[in-house]
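Open the model in your viewer and keep the sequence panel beside it. Each stop below says what to select and what is there.

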Amino acid sequence: MFNYEVRARKTYKQCRQNPPERDFIRLYRFTSENVMWMAEHFLGTSNETRGGNLDSFTKMKIFLRYPADPGFQTGVAEDIGVSQPAVSYTIKCVAQKIMNKAHIWIRFPQDNEAIQEEKHRWLRRYNFPTAIGAIDCTLIRIKKIHVNRHGNEYICRKQFPALNVQATCNAEEYFTSVSAEWPGSVHDSRIWRNSSVCRVFRTFNNAVLLGDHGYSIEKCLMIPYRNPATPREEAFNNLLKRERVIIERCFGQLKQRFPTLQNIIPLRLLVIPSFIAACFVLHSVAKYLKDEAVGIGRRK
């Protein structure tokens, strides 16, 4: 019986470390070809493995495996064939490497030409005039221990510890900005007022983001009427709500690809914002690579 269990465990480890493509996609949420591309793009092409160093492809696999499975670093270590400290260190380092190139993948328009381009892109798919995208916040759970250390500022309106993450997206479902450092108790409108996107966007005219009632209306941010009194106001609300849902769809795609974002992220608080933002970057990378492989392997 003991020998059978040992053989079964060895077979399991071999399958996890060298899975067929379908299982690779389920484990890492990208095709193997695209994981190789991302490893080269974000980490370089070093294949140095002396002294226990990991090659770029393995490092990217470790990072992707962690948010793909709401488990523990020990489980990722077992799957990849490395130690738990190596997983912890790699997650932090790869997240930083990804954030070093975040400006390539998450870009909010900075001049009139870019604003006009985003408005035209929006109108090719939707109908709200002058819109360039949508804005919203989403709550990402964190460990309760962070509340004990920092007080109740991390307890969100739903009564669990979280970060309140603000993002904007464009008509093609690319994230154009992300802010992942705010405690869960902070209101959406405060995050917006203190964001660099707000400071930049307020300098432009005749362009808006579509938001919900978590924000206040202003010249660059459109929200629904709270109490529509006329058919025109109801039609306005219906149009805005129908088109603003794109940001909810982007959040849904992000959390489907990286299920850990739907659960408690068991990392140190200082690491969590960059880890979350790196996942947002990889969402845009997936759009660029046309990698919809996350849907493969789901139960029918």
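Is Arg29 buried or exposed? Select Arg29 and show its surface: at 11% relative accessibility, Arg29 counts as buried, because the cut-off for buried is under 20%. Keep in mind throughout that this is a predicted model.

**Stop 1: Arg29 and its loop**

Stay on Arg29, which sits in the loop between α2 (21-28) and α3 (32-43). Its phi is positive, about 70°, although Arg29 is not a glycine. Then select Phe24, Tyr28 and Phe57, which ring pairs link into a cluster.

**Stop 2: the whole protein**

Zoom out and switch to a cartoon view. You should find 13 helices and five strands. The protein has 300 residues, and buried residues make up 50% of them. Of the contacts with a separation of 6 or more, 64% are accounted for by residues 24 or more positions apart.

**Stop 3: helix α13**

Select residues 272-289, which form helix α13. This helix has 18 residues and reaches 26 Å from its first C-alpha to its last, close to the 26 Å expected at 1.5 Å a residue. Colour α13 by accessibility: the helix is mostly covered, with 15 of its 18 residues buried.

Now move to Lys290, in the segment after α13. Lys290 has a positive phi of about 55° and, like Arg29, is not a glycine. Is Lys290 buried or exposed? Lys290 is exposed, with a relative accessible area of 70%, whereas Arg29 counts as buried.

**Stop 4: α4 against α13**

Two packed helices are described by the angle between their axes and the distance between the axes. Add residues 56-68, helix α4, to the view of α13. What is the angle at which α4 and α13 pack? The angle is about 100°, and the axes are 12 Å apart. Angles of 65 to 115 degrees count as roughly perpendicular, so α4 and α13 are roughly perpendicular to each other.

Show the side chains where the two helices meet. On the α4 side these are Phe63, Leu64, Tyr66 and Pro67; on the α13 side they are Phe275, Ala278, Cys279 and Leu282. The residues of this contact divide into eight nonpolar, no polar and no charged.

**Stop 5: aromatic pairs**

The model contains 14 aromatic pairs. Select Tyr225 and Phe236: their ring centres are 5.4 Å apart and their planes are at 70°, so the pair is edge-to-face. Tyr225 is in the loop between β5 (221-222) and α12 (231-257), while Phe236 is in helix α12, 11 residues apart. Tyr225 counts as partly exposed at 39% relative accessibility, and Phe236 counts as partly exposed at 23%.

Next select Phe251 and Phe280, another edge-to-face pair, with 6.4 Å centre to centre and 80° between the planes. This pair links helix α12, which holds Phe251, to helix α13, which holds Phe280; the two residues are 29 residues apart. Are these rings buried or exposed? Phe251 is buried, with a relative accessible area of 4%, and Phe280 is buried, with 0%.

**Stop 6: His103**

Finish at helix α7 (residues 102-105), where His103 is placed. His103 is exposed, with a relative accessible area of 54%. Select Ser177 as well and draw a distance between the two C-alpha atoms: they are separated by 9.4 Å, although the residues are 74 residues apart along the chain.

How values were computed
Residues are numbered from 1 along each chain as its sequence is written. Side-chain values use heavy atoms; hydrogens and water are left out. Axes are lines fitted to C-alpha atoms, for helices over the stretch in contact, and angles run from 0 to 180 degrees between N-to-C directions. Helices (H or I, at least four residues) and strands (E, at least two) are DSSP runs, numbered from the N terminus. Angles under 35 degrees count as roughly parallel, over 145 as roughly antiparallel, 65 to 115 as roughly perpendicular and the rest as oblique. Contact means heavy atoms within 4.5 Å. Ala, Val, Leu, Ile, Met, Phe, Trp, Tyr, Cys and Pro count as nonpolar, Asp, Glu, Lys and Arg as charged, and the others, Gly among them, as polar. The expected span of a helix is 1.5 Å times one less than its number of residues. Buried means under 20% relative accessible area, exposed over 50%, partly exposed in between (1.4 Å probe, protein chains only). Rings of Phe, Tyr and Trp (its six-membered ring) pair if their centres lie within 6.5 Å; planes under 30 degrees apart count as stacked, over 60 as edge-to-face and the rest as tilted.
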